[in-house]
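This report deals with two topics: internal space and a metal site. The structure is shown first.

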Number of protein chains: 2
Amino acid sequence: QPAAQPEPAPAPPADLPEGMGPLPTEVPVPADNPQTEEKVELGKILYFEPALSKSGNFSCNSCHNLGTGGVDNQQFSIGHKWQRGGRNAPTVLNSAFWSAQFWDGRAPQLEDQAKGPPLNPVEMASMDETEVVARLTEAGYGPLFEKVFGANALNYDNMAKAIAAFERTLITPDAPFDLYAQGKADISEAAKRGMQKVVEVGCTSCHSGALFTNNTFQKFAYGTDEGVKSVSGKDEDDHLFRVQSWRNVALTAPYFHDGGVKTLDEAVRVMAKTQLDTELSDGDTADIVEFLKTLTGTQPQVTFPVLPRPEGHALSWSD
Amino acid sequence: QPAAQPEPAPAPPADLPEGMGPLPTEVPVPADNPQTEEKVELGKILYFEPALSKSGNFSCNSCHNLGTGGVDNQQFSIGHKWQRGGRNAPTVLNSAFWSAQFWDGRAPQLEDQAKGPPLNPVEMASMDETEVVARLTEAGYGPLFEKVFGANALNYDNMAKAIAAFERTLITPDAPFDLYAQGKADISEAAKRGMQKVVEVGCTSCHSGALFTNNTFQKFAYGTDEGVKSVSGKDEDDHLFRVQSWRNVALTAPYFHDGGVKTLDEAVRVMAKTQLDTELSDGDTADIVEFLKTLTGTQPQVTFPVLPRPEGHALSWSD
Ligand code: HEC
Ligand code: HEC
Ligand code: HEC
Ligand code: HEC
Ligand SMILES: [Ca+2]
Ligand SMILES: [Ca+2]
């Protein structure tokens, strides 16, 4: 038999707008939290761990359900004692690629972000770090942390590190657009028109590159939430929000930081109007939506973890 | 090379009490709901589906978490709008083996049982079957039901059938006791003493056989819940409850139908006192608990399902 010829790398389609391309497969990893298989596994367990919450009712996955695009599709998530916060839960999918976490960017990294929800009174509502660590200790996490981080390593910082490491695996490659951009598959004519339209209209000045966000904070004159200003207190930061990626956006309704817009169609029109002072025709809107739908990638496959638990008694939950 | 000798079947240990043995590997399946791989897969998706609940917050897995022994370790589960019911959530693990479902046996089969929670006002709180079916339709379940049940098959009965088929796969073999009973591994001396003690004291008159339940309803003179009488209205059924299996019991604290007893140790003492008028010594209690711990089996491994969802808009949730 003759030796198999190496497959020629397929050519990207000629009409691919500049900058667009397939989702990167490597995520940035901070030097002080290298990825290891065991750390990712521990992070996964913690991601599904209701013991991070005071009531025992909420895990990260409650609001960022990996079965539904890393969101809960609520306007405002249901949290401790059925409270709801004031911001829509963004997806955790591909969050390792964002320049900063939260709509207002107040957490620089996933490690910082993961320390928030367990103590947030309208989310998981644990009293303090000590309480969370005590519950994890009672559950039997000691040996699991030791295996990953060494002796006496069950602490809040390492919890956040492990969760962040897991989140860095939640990337969604091989969206129809990605296969198209690699010359491996086609997308619909409507989607191709949409792909050109977003360039023509100017969307890609903010939603640029393979991530479909330039990862900057931009003025969005909508609603009463002050965005970055609510963190910095500075007037120049008023109504600045991180440009949301379009990756998996067809799965993450409702839209915007207040979840106030129910459909992707309407979100596209609002964006065109507020950001670019443009009224899109129905046809152009539909084409753009078709294009955005091609950005839904392969969702992460995870084996549902068996959580460590004490034998013969329950962890203590409270309201 | 000589042909490999077949491994001799290991002999069960000589001290194994009569009737005790490893968990059966085959579950009873009703003639009108045969197991198929695709049905089980659909059932798994539905088991993790928050769209069975009105608020979008609860799936079966919320209260019967497969990561924590098929329970939530709450006294009374948190349900719609943070309501709590009056009964402790039993495990779904091995439930295919029980003679009837619920503490009072009011659902003859898993198929009947699964129709309850979506409409229970303190659990998932959907208004009626039509509402649940409409939400599943909008989510995109049509083709999934069609593949399993044929054309136009998305209905409430088939939903229950699929969930029941999935539940029939949630069995937990190879507990330390099972390996011991098969002569494959040892258990501690304390556990062996406990194993003899439960026979001597009389526990196994009810908790008998490989399931550690004779699957009958027995008087339990404890608490104010009337058990089977609350269903039948008959005085002779007062305080009758299904004998709970000991399988995985170390994971299912708190104990009894009202979750009123926090530890397995205390549950064992209460049982001895109420059911057998016996005060167990501390040593005997500890030995029995050690034995019960050997009944924790291998927990089911499931791949977390990606749920069908509409593109560009959310399902409608409400309070
Ligand atoms: C009760 C709901 C709830 C729970 C539980 C919850 N989150 Fe969130 N999450 C949110 C909301 C709401 C936001 C947006 C808040 C904001 O921007 O001010 C958010 C933001 C995030 C972000 C930022 C994403 C982005 O694009 O900026 C990440 C990452 C994240 N959460 C991960 C987690 C992790 C990890 C956990 C568990 C430790 C968790 N969340 C628990 C509701 C929740
Ligand atoms: C000047 C910058 C800018 C331009 C131009 C822009 N966007 Fe945005 N886009 C943003 C920002 C910032 C957000 C986050 C808004 C928020 O806080 O809810 C966003 C959010 C979105 C969302 C919602 C994402 C979500 O998950 O809620 C969609 C959809 C969207 N943009 C599409 C478009 C389209 C289509 C265009 C062109 C017609 C466009 N954008 C032009 C900055 C921009
Ligand atoms: C909000 C909590 C909650 C939700 C959601 C819930 N359950 Fe339950 N489940 C319970 C409680 C409490 C009981 C015991 C009720 C009783 O005996 O009266 C129970 C009983 C059961 C039983 C009987 C087990 C036995 O040993 O008798 C099964 C099986 C079961 N549930 C499966 C399911 C399935 C399948 C779903 C989803 C369709 C579901 N549950 C949703 C709380 C819940
Ligand atoms: C006459 C019948 C009978 C005898 C004898 C009996 N039990 Fe039980 N057992 C039951 C019933 C019925 C239940 C369910 C009680 C309820 O409704 O909470 C139960 C429940 C239990 C539970 C709690 C299971 C759970 O998930 O909450 C444990 C543990 C237990 N029995 C252990 C024992 C031990 C140990 C003995 C002997 C010392 C014993 N039982 C003797 C009938 C019996
Ligand atoms: Ca959203
Ligand atoms: Ca229990």
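A cavity here is a set of grid points where a 1.4 Å probe fits but cannot get out, and its volume is the space filled by probe spheres set on those points. The model under discussion is predicted.

**Cavity**

With a threshold of 30 Å³ or more, a search of the whole structure returns one cavity. The largest cavity holds about 570 Å³ of space. Its lining is made up of 39 residues, and those nearest the centre are A:N57, A:S62, B:N57, B:S59 and B:S62. Two elements give two or more residues each to this lining: α2 (60–63) of chain A and α2 (60–63) of chain B. By class, the lining of the largest cavity comprises 16 nonpolar, 19 polar and four charged residues.

**Calcium site**

The calcium ion (ligand 5) has donors from A:N88, A:T252 and A:P254, at 2.3 to 2.4 Å. A:N88 contributes OD1, while A:T252 and A:P254 each contribute O. Along the sequence, the donor residues follow the spacing N-x163-T-x1-P. A:N88 and A:T252 are 164 residues apart, so this pair links distant parts of the chain.

Where do these two donors sit, and are they buried or exposed? A:N88 lies in the loop between α2 and α3 (110–113) of chain A, and A:T252 in the loop between β2 (240–242) and α10 (264–276) of chain A. Both count as buried because their relative accessible areas, listed below, fall under 20%.

| Residue | Donor atom | Relative accessible area |
|---|---|---|
| A:N88 | OD1 | 5% |
| A:T252 | O | 13% |

Methods. Residues numbered from 1 in each chain as written. Chains lettered and ligands numbered in written order. Predicted model: local features only at pLDDT ≥ 70, side-chain atom pairs only at ≥ 80, totals over all residues. Heavy atoms only, no water. 1 Å grid on protein atoms, 1.4 Å probe; cavity = no way out; pocket = protein on both sides within 12 Å on 5 of 7 lines; lining within 4 Å. Helix = DSSP H or I, 4+ residues; strand = E, 2+ residues; numbered from the N terminus. Nonpolar A, V, L, I, M, F, W, Y, C, P; charged D, E, K, R; others polar. Donors = N, O, S within 2.8 Å, 3.2 Å for Na, K, Ca; no water. Buried < 20%, exposed > 50% of the residue type's maximum accessible area, 1.4 Å probe, protein only.
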